Amino acid sequence: NRINFATGFEWRRDGYAIDAGDPVSYQYGRTNNPAIVITNQTGGPAASGTQGFPGYTPATAVDDARHNIALYADVEHNITPQLLVGAAARWEKYSDFGSTTTGKLSLRYDPSRQVGFRGTLSTGFRAPSVQQKFYSSVSTNLNAAGVLTETLTAREGSAVTKAFGIPNLKEETSKNGSVGIVLRPASNFSLTADLWRIDIDNRIVFSSNIAPESGPCATAAACPIKAILDPLKVGQAQFFTNAIDTETKGLDIVAEHATRWPGTTLVLSAQLDFNRTEVTGRHS
């Protein structure tokens with residue numbers, strides 16, 4: 001019985017940069033002089049920068065990177081001519097938040113040429129992307145009252161996210177399982193069906209817009225969100241955060257038919273997928 005073994009090593013560097021835009025795109029008027037009154041369409045003081053999407057300021061400029069290394073190994077063995085088992089493991093270490101180990105177990109059983117069964121159990125891992133970690137900007141969006149408002153997309157570790165108590169992004173982890181059947185009723189036709197489920201913890205999503213409190217504020221403690229946003233001249237804020245856990249279930253059906261002529265082959269395939277994702281947990 002033959003044993004197949006594979007191994008490998010990976011080193012990767014991910015960089016991300018935002019350059020500051022032209023000063024006129026983000027400053028207060030051409031001269032950046034607050035003594036000159038500039039009004040908006042309602043007669044109030046106009047916001048700094050270009051309407052809709054002010055330019056990237058020196059405060060939002062960034063040039064950062066991270067690197068990671070990974071080792072993996074994979075082994076497969078035919079215990080019998082009909083039964084194939086496999087296992088794989090992968091270890092990764094990131095420069096910005098630590099290391100992780102994931103694994104996979106698989107099984108394939110073919111009692112005959114016409115039918116086969118397969119199954120897989122595995123764990124998964126996804127590091128926050130560099131865009132999710134380092135991106136920030138200011139744009140003009142509608143708030144809950146339908147008023148155009150300067151909205152800050154705050155990056156990890158910024159003054160805003162720290163003030164709101166938002167921790168740095170951490171990895172998403174998952175558990176995955178699938179079972180399936182393979183049917184080959186003819187030499188030129190096959191049909192497969194697989195049931196699968198993926199549970200993801202600490203999934204990274206975009207927050208809702210965090211807006212200041214409405215109504216009078218006698219003290220800063222009475223309106224803590226307003227106290228954070230007003231000094232930054234931001235109407236509302238949003239950010240990436242590990243906010244939810246999800247469960248996704250699905251069924252994949254694939255049919256394939258091959259027609260062969262001398263010197264050529266025509267392959268027709270069809271695929272049907274059903275899947276549903278539900279939020280199973282929230283991290284407020």
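## A tour of side-chain pairs, cores and a surface patch

Begin by selecting Phe 206, which is partly exposed, with a relative accessible area of 40%. The model you have open is a predicted one, and this tour moves from the aromatic pairs to the salt bridges, the cores and the surface.

**Aromatic pairs**

Keep Phe 206 selected and add Phe 240, which at 24% relative accessibility also falls in the partly exposed class. How many aromatic pairs does the structure hold? There are three aromatic pairs in the structure, and two of them are visited here. For the pair Tyr 94 and Phe 125, the ring centres are 5.7 Å apart and the planes stand at 45 degrees, so this pair is tilted. Tyr 94 belongs to strand β3 and Phe 125 to strand β5 (residues 115-126), so their pairing ties together parts that are 31 residues apart in sequence. Tyr 94 is buried, its relative accessible area being 6%.

Return now to Phe 206 and Phe 240, whose ring centres lie 4.7 Å apart with the planes at 35 degrees, so that this pair, too, is tilted. The two rings link distant parts of the chain, since Phe 206 sits in strand β9 and Phe 240 in strand β11, 34 residues apart.

**Salt bridges**

Side chains of opposite charge can pair when their charged atoms come close. Across the whole structure, a search finds 16 salt bridges. Staying with strands β9 and β11, select Arg 197 and Glu 247, which form a salt bridge whose closest N and O atoms are 2.9 Å apart. Arg 197 lies in strand β9 (residues 189-206) and Glu 247 in strand β11 (residues 240-261), so this pair ties together parts that are 50 residues apart in sequence. Is each partner buried or partly exposed? Arg 197 is partly exposed, at 37% relative accessible area, whereas Glu 247 is buried, at 14%.

Next, select Glu 10, Arg 12, Asp 14, Arg 90 and Glu 92 together, because these residues are linked in a network of salt bridges, with side chains of opposite charge able to pair when their charged atoms come close. Within this network, Glu 10 and Arg 90 meet at 2.5 Å, N to O. Glu 10 lies in strand β1 and Arg 90 in strand β3 (residues 83-94), so their salt bridge ties together parts that are 80 residues apart in sequence. Arg 12 also forms a salt bridge with Glu 10, where the closest N and O atoms are 3.3 Å apart. Glu 10 is partly exposed, at 27% relative accessible area; Arg 12 is partly exposed, at 28%; and Arg 90 is partly exposed, at 25%.

**Nonpolar cores**

Which residues make up the largest nonpolar core? Select Leu 152, Ala 154, Val 160, Ile 228, Leu 229, Val 234 and Ala 237, the seven residues that form it. Centre the view on Ile 228, and you will find that, leaving aside its neighbours within four places in sequence, Ile 228 is in contact with Ala 163 and Phe 164. Apart from the largest core lies another one, of five residues, among them Ile 18, Val 62, Val 130 and Phe 134.

**A nonpolar patch on the surface**

Finish by selecting Phe 9, Trp 11, Leu 71 and Trp 91, which form a nonpolar patch on the surface with about 460 Å² of accessible area together. Trp 11 is found in strand β1 (residues 3-18) and counts as exposed, at 52% relative accessibility.

Definitions and conventions: Residues numbered from 1 in each chain as written. Predicted model: local features only at pLDDT ≥ 70, side-chain atom pairs only at ≥ 80, totals over all residues. Heavy atoms only, no water. Patch = residues over 30% accessible without salt bridge, like charges linked within 9 Å, V, L, I, M, F, W, Y side chains within 5 Å. Areas by Shrake-Rupley, 256 points an atom, 1.4 Å probe, with all protein chains shown as cover. Salt bridge = Lys/Arg side-chain N within 4 Å of Asp/Glu carboxyl O. Helix = DSSP H or I, 4+ residues; strand = E, 2+ residues; numbered from the N terminus. Buried < 20%, exposed > 50% of the residue type's maximum accessible area, 1.4 Å probe, protein only. Core = buried A, V, L, I, M, F, W, Y, C linked by side-chain atoms within 4.5 Å. Contact = heavy atoms within 4.5 Å. Phe/Tyr/Trp six-rings, centres within 6.5 Å; stacked < 30°, edge-to-face > 60°.
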